[in-house]
Amino acid sequence: MCEIQYDELGPSKVIHLYSKKTQLRAIVVVDNTALGPAIGGVRVSPLVSTEEVLRLARTMTMKNSIAGIPHGGGKAGIMADPKSPEKERYFRVFAKLIKDLQEYIPGPDMGSDEEAMAWVYDEIGRACGLPEELGGLPLDKLGATGFGLAECAEVACTYAGFDLKGARVVVQGFGSVGKASAKFLSEKGAILVAASDTQGTIYSKEGLDVNQLIETKMSAGAVRYCKEGTCLGIDELFSIECDILIPAAIPDVINEENVYSIKTKLILQGANIPATRAAEEILMKRGILSVPDFIANAGGVIMAAMEYAKKTEREAFEAISLKIKKNTMRVLEKAMKEEALPRAAAEELAKEKVLKAMRCREY
Ligand code: NAD
């Protein structure tokens, strides 16, 4: 059992759920609600741990604060196989168990999607990232987070000293975020040279056809079935030379063991917490700019909040572009001026706002 570290922000609630009859086990963390009810995704993985959910919930507090949406941060983890035939049952039970936890609004995350949110909504009338048929803005289908990453790239590449047109991009994790990032970046003239999933990496020095790769991933289930390019192992991806590296899969993949083999100019953190703090410090010393998760990948939650506020798709995309470009600039300017880690600069800005809101609250 992990020991919970409390600080001035939270966590305010850490809840372990267990249903004997269905064998459902889940964790919910409400980190902070000073800015409003917490929004955060439901991760489904047999390996999800309390520590991971705690860290992800804090990231959501930071992300929602700096994104300027009226929500605090939370997260949930269901300990199950995301491909389980029992998935709908798990989600319906999970929803019933969090029915009274009004300060937490579930959204999609790794292993959950619009359909899962529809099951939750059907049970308790509270969820975001819903299918269009239920009045939702399906953020994965629309590629909200990938769109935001491409907007972030437009600003960040000027700080990293290269042109986005012709920039060579490598994506780890060709799922919802990875595919949409590749698509929107290629529309801005960048070239995808490698992408990976759990089965391997596909690489082409000349560049991969993004639409064809998306089609392969959807039809065959893995990027290694792509007809063009060379197949490499999953860990080889991190040593491929490129201008932009996007980790868009799981936590801590950039760490002290592989950080020295990374040959890029800019990292855009598509996944949540994809790099350890120590690795981020080494990257900075090596002159590699790394835009933290809660700045770069805020597109999804901005769209979720816009959906919750009953805004249109167009308004949501406009808000993502505006907020992410502005925040990328604010954070990178501050980091450069203070010679600080971009994450530290971003945390300071996000925390300041939450603490101010907390002073107006009774508890
Ligand atoms: P997803 O399940 O759609 O895709 C994840 C992809 O990563 C899959 O293709 C999987 O095969 C691959 N993968 C898993 N482990 C890997 C490994 N070790 N090496 C290479 N590939 C691996 O999930 P997603 O929604 O794209 O989310 C990805 C990450 O982005 C998560 O950390 C999530 O929290 C974060 N995120 C997602 C959103 C969103 O809008 N979906 C928003 C913000 C942050």
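This report describes the surroundings of the ligand and the second largest pocket in a predicted model.

**The ligand and its shell**

There are 24 residues around the ligand, and those that come nearest are R43, D109, T145, V177 and A249. By class, this shell holds eight nonpolar, ten polar and six charged residues. Domain 1 (13–56 + 75–136) and domain 2 (144–299 + 326–348) each supply at least three residues to the shell.

Three polar contacts to oxygen atoms of the ligand are set out below.

| Residue | Part of the residue with the N or O atom | Distance to an oxygen atom of the ligand |
|---|---|---|
| R43 | side chain | 2.6 Å |
| V177 | backbone | 2.9 Å |
| N272 | side chain | 3.0 Å |

On its own, the ligand has 830 Å² of accessible area, of which the protein covers 86%. The elements that give two or more residues to the shell are α4 (139–142), α6 (176–187) and β7 (191–197).

**The second largest pocket**

The second largest pocket contains about 350 Å³ of space. Its lining consists of 15 residues, and R58, I273, R277, R343 and E347 lie nearest the centre of the pocket. Two or more lining residues come from each of the helices α1 (50–66), α8 (277–285) and α12 (342–359). Helix α1 provides the largest share, with four residues. In terms of class, the lining of this pocket comprises eight charged, five nonpolar and two polar residues.

Methods: Residues are numbered from 1 along each chain as its sequence is written. This is a predicted model: local features need pLDDT of at least 70, side-chain atom pairs count only at pLDDT 80 or more; totals for chains, interfaces and linings use all residues. Side-chain values use heavy atoms; hydrogens and water are left out. On a 1 Å grid over the protein atoms alone, a cavity is a set of points where a 1.4 Å probe fits but cannot get out, and a pocket is an open set with protein on both sides within 12 Å along at least five of seven lines; lining residues have an atom within 4 Å of a point. Grid points are joined across faces, edges and corners, and a volume is the space filled by probe spheres set on the points. Ala, Val, Leu, Ile, Met, Phe, Trp, Tyr, Cys and Pro count as nonpolar, Asp, Glu, Lys and Arg as charged, and the others, Gly among them, as polar. A residue is near a molecule or strand if one of its heavy atoms lies within 4 Å of it. A polar contact is a pair of N or O atoms within 3.5 Å; within protein, one must be able to donate a hydrogen and the other to accept it, and residues adjacent in sequence count only if both atoms are side-chain atoms. Accessible areas come from the Shrake-Rupley method with a 1.4 Å probe; for residues, only the protein chains shown count as cover. Domain bounds come from an automatic or database domain assignment.
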